[in-house]
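Please study the sequence and the structure shown below before attempting the exercises. Each task is followed by a worked solution.

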Amino acid sequence: MSLEAAIAFFFAIFIFAITPGPGVFAILAKAMVEGPRQCIMMALGMVASDLLYLQLACFGLATIAENWSEVFVIIRYVGAGYLVYLGYKMITAFTHNQSIPNQKKPQQTPLASFSHGFLISASNPKVILFYVSFLPTFIDLTRLHGSDLILISVLSSIALMSAIMLVAYGASRLAKVIKTPIAQQRLNKTAGGIMIAAGAYLAINK
C-alpha cells in the first residue's frame with residue numbers, strides 16, 4: 001500500500017466511523033450522560049468487532065453473512081433489545097437519582113462496557129459488507145501480505161478510535177452546557193431516546 005493509499009484509507013475509515021448508525025447513537029447517548037472517559041471501553045469493543053470483520057473480509061470470508069444469516073438475525077435482535085433496555089435505564093435514571101441525591105450514578109464495569117460496544121458493532125453484519133466492497137479499492141486481496149494486514153489493522157484502529165472518541169467528546173461538551181435539573185432530566189430522556197432509537201433502527205434495518 002502506497003503512502004497516498006494509506007492516507008486515503010485512513011480518512012475513508014474515519015468518515016465511515018462517524019456516519020450515523022447504532023454505534024454512533026450509542027456513543028452519543030453514553031457520552032451525554034456519563035462523559036467521554038466512560039466511552040473508552042465501549043469504543044474499544046466497537047473497534048475490536050470492526051477489526052474482526054476486517055480480518056474476515058481480508059481472508060475472503062464475506063459469505064459468512066449469507067451462510068450464517070440466522071445467527072446474525074439473532075445477534076442483531078439481542079443487540080437491539082440491549083440498546084432499548086439501556087435507553088429505558090437512562091430515561092428513568094434521573095428519578096432514581098433524585099430520591100438519593102448523594103448516590104453516584106451506577107456505571108458499567110469496563111468489561112461490560114467493552115462487551116456492550118462489541119455487541120453493538122457485531123450486531124450489524126453490514127459492516128463486513130462495507131469492508132468487502134471497500135478494501136479492494138486500496139488493496140489487492142488476492143496478493144495480501146502480512147505487512148499489509150498489519151498496516152490496515154493499525155490504520156483502522158486509529159481512525160475508528162479517533163472518530164468514535166471525537167463523537168463522544170463533542171456530545172459530552174454539549175451536555176456540560178446543560179446545568180439545571182430540568183435540563184439534565186431532558187438530557188437523560190434525550191440520551192435514552194437516542195439509545196432506544198438506535199435499538200429500533202438495528203432491529204428493523206435489514
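Three exercises with solutions follow. The model is predicted: local features need pLDDT of at least 70 and side-chain atom pairs count only at pLDDT 80 or more, while totals for chains, interfaces and linings use all residues. Residues are numbered from 1 along each chain as its sequence is written, and side-chain values use heavy atoms, with hydrogens and water left out.

**Exercise 1.** State how many helices and strands the chain has.

Solution. Helices (H or I, at least four residues) and strands (E, at least two) are DSSP runs, numbered from the N terminus. By this rule, the chain has 9 helices and 0 strands.

**Exercise 2.** Compare the expected span of helix α6 with the separation of its end C-alpha atoms.

Solution. Helix α6 covers residues 110-122, that is, 13 residues. The expected span is 1.5 Å times one less than the number of residues. This gives 18 Å, and the end C-alpha atoms are 18 Å apart, so the two values agree.

**Exercise 3.** Is Ser157 buried, partly exposed or exposed, and which residues does Ser157 touch?

Solution. First, locate the residue: Ser157 lies in helix α8 (residues 146-176). Next, apply the cut-offs: buried means under 20% relative accessible area, exposed over 50%, and partly exposed in between (1.4 Å probe, protein chains only). The relative accessible area of Ser157 is 22%, so Ser157 is partly exposed. Finally, contact means heavy atoms within 4.5 Å. Leaving aside residues up to four places away in sequence, Ser157 touches Val47 and Leu51.
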